[in-house]
Amino acid sequence: MRVAIAGAGLAGLSCAKYLSDLGHTPILLERSATLGGLVAAWKDEDGDWVETGLHAFFGAYPNMLQLMAELGISDRLQWKQHTLIFNQPEKPGILSRFDVPNIPAPFNVIVSILRNNDMLTWNQKIRFAIGLIPAIVRGQKYVESTDKYSLIEWLRLQGVDDKVNTDIFIAASKALTFINPEDVSAMIILTALNKFLQQRYGSKIAFLDGAPPERLCQPIVDHVIALGGEVHTETSLREIVLNPDGSVKHFLIGGLGPESQELVADAYVSAMSVDIIKLLLPRSWQGMEFFQKLEGLEGVPVINVQIWFDCKLTDVDQLLFSRSPLLSVYADMSVACKEYADPDKSMLELVLAPAADWISKSDQDIIEATMSELAKLFPAQIPDHAKVLKARVVKTPRSVYTAIPGRQAYRPSQATPIPNFFLSGSYTMQEYLGSMEGAVLSGKLTAKAVNHTLKSHLISSQTLGQTTAAKALA
Ligand SMILES: Cc1cc2nc3c(=O)[nH]c(=O)nc-3n(C[C@H](O)[C@H](O)[C@H](O)COP(=O)(O)OP(=O)(O)OC[C@H]3O[C@@H](n4cnc5c(N)ncnc54)[C@H](O)[C@@H]3O)c2cc1C
């Protein structure tokens, strides 16, 4: 059966892949010239990759790891040492490590916390551990009930010291959601923490060995095309056209020119961000409770900065948590990523979050502010010794859904009240939040829902056909 999918981010790509595996024919449309959506990247005039975002993979990403294994590209993940590294703003240039020993979970993470004496006192560690007990012992149901609290509110209810917040949770909150602990839902951070605590290698980090469109998205496209599907870039969904009964009649699509054409399929999927599908909802769907709930979700701003230096700043082969007010995480990609490797020069890739106050500022302002933060992270080299060769800023005014308290109630299922229309995207309901893993899982869930509907439709029309044939024979 033909399935039209709008959006070739990881959700749309994963949906197309799993639909192909189930014997369907996906027709995947991507508005941009590049695959990947929030993992998209392109080459600048010097041939250097410019990325939408610095992307870290985790051991606790079962669906992403399975997808890559199915495509035969697992070796493209460069796994790092099992350690979490934090900067210490009060001790510029000195890193604090949580080395996770190779023993069963959750003891490995607990030992790493107990062994680290840079950031928390014993008293703080013990109160932190006691505070976390309900989340560990009472499981995901309890974790979901914490969606009504901000992380700070929940930590205070547990009697956890505010120092734990400033030391650990600012880093976790900004890295996972691009917002601060006073704004983020407690459920989000506790969900991630639970996944990390339950699996031996859950918090182990990997980077892709090159740019995501080539190293991750293209193999999915090749797989889909090999199984008879189609992928069209620079092709947008312009309008969802309905039948009189409110079901989808066709997608009205268009390329770079003004002409539009009709794309007719057996089922239709939006794998666009929540902000875009809200704009494209047909008028007669807008009053339906299911679609009205989407108004409760909105993408969060984030900025990715890449800076090329004339010398080596570090040899740390890992993601680092900056713990600065401006920056979230960063890595020297000339060390951490094979395709970006350079033995003599550094290329730092940094995520600037929360970015609401910065999104309308000039690239120059953003680079200057980043450089003054970097002077605290690399006091020996910046500003006096390392020279900036060039810098690139990519602003995403609306990225993943803003994970403030209460958002779980607004996240939609992949199946909708419209029988031939489905949603996909990391904002839809799945257990892995607004992440690459969440996008891949949502695509898989959408493919399952589409397949289920198409199969039951096929069975009922076959049954109908048999009944009609039986009647004719009688
Ligand atoms: C700076 C940054 C850092 C990140 N870091 C991490 C990380 O370290 N680890 C992690 O797991 N996740 C990270 N994420 C989150 C992760 O990238 C996303 O959760 C995931 O990629 C979302 O995929 P998606 O398919 O749901 O949505 P999107 O990637 O938004 O895909 C939607 C697609 O729809 C297309 N589209 C829009 N309108 C139309 C139209 N009219 N017709 C056709 N196509 C259309 C868009 O161009 C886009 O390709 C990061 C994100 C950013 C921005």
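How do the residues of the shell around the ligand divide into nonpolar, polar and charged? I would like to start there, and I should say at once that what we are looking at is a predicted model. The shell comes out as 18 nonpolar, 18 polar and 3 charged residues.

Staying with the ligand for a moment, there are 39 residues around it, and those that come nearest are G7, G9, A11, G37 and G53. If we ask which elements supply the shell, at least two residues come from each of α1, spanning 10-21, β11, spanning 236-242, β15, spanning 302-309, and α14, spanning 436-473. Of the elements in the structure, α14 gives the most, with 4 residues. In terms of domains, the shell draws at least three residues from domain 1, which is assembled from 2-39, 209-298 and 407-462, and at least three from domain 3, which covers 301-396.

Let me now step back to the protein as a whole. Its secondary structure comes to 14 helices and 20 strands. The radius of gyration is 24 Å, close to the 23 Å that the globule rule gives for 474 residues, and the protein is therefore as compact as a globular protein of that length. Along the principal axes, the C-alpha trace spans about 85 × 55 × 40 Å. As for the contacts between residues at least 6 apart in sequence, 68% of them join residues at least 24 apart.

Turning to the interior, 45% of the 474 residues count as buried, and the largest nonpolar core has 139 residues. Within that core, the residues with the most contacts are I5, I189, V269 and L352. To take one of these, I189, and to leave aside its neighbours within four places in sequence, we find it in contact with L151, F169, A172, S173, L176 and V184.

I would like to finish on a single position, V248, which lies in strand β12, residues 248-254. Is V248 buried or exposed? V248 has 21 other C-beta atoms within 10 Å, and because the cut-off for a buried residue is 20 or more, V248 counts as buried. Which residues surround V248, once its neighbours within four places in sequence are left aside? V248 is in contact with I240, L242, Y268, I418, N420 and F421. The C-alpha atoms of V248 and P419 are separated by 8.7 Å, although these two residues are 171 apart along the chain.

Terms used:
Residues numbered from 1 in each chain as written. Predicted model: local features only at pLDDT ≥ 70, side-chain atom pairs only at ≥ 80, totals over all residues. Buried ≥ 20, exposed ≤ 12 C-beta atoms within 10 Å, placed from the backbone. Contact = placed C-beta atoms within 7 Å. Rg over C-alpha atoms; globule rule 2.2 N^0.38 Å. Core = buried A, V, L, I, M, F, W, Y, C linked by C-beta atoms within 7 Å. Near = placed C-beta within 6 Å. Nonpolar A, V, L, I, M, F, W, Y, C, P; charged D, E, K, R; others polar. Domains from an automatic or database assignment.
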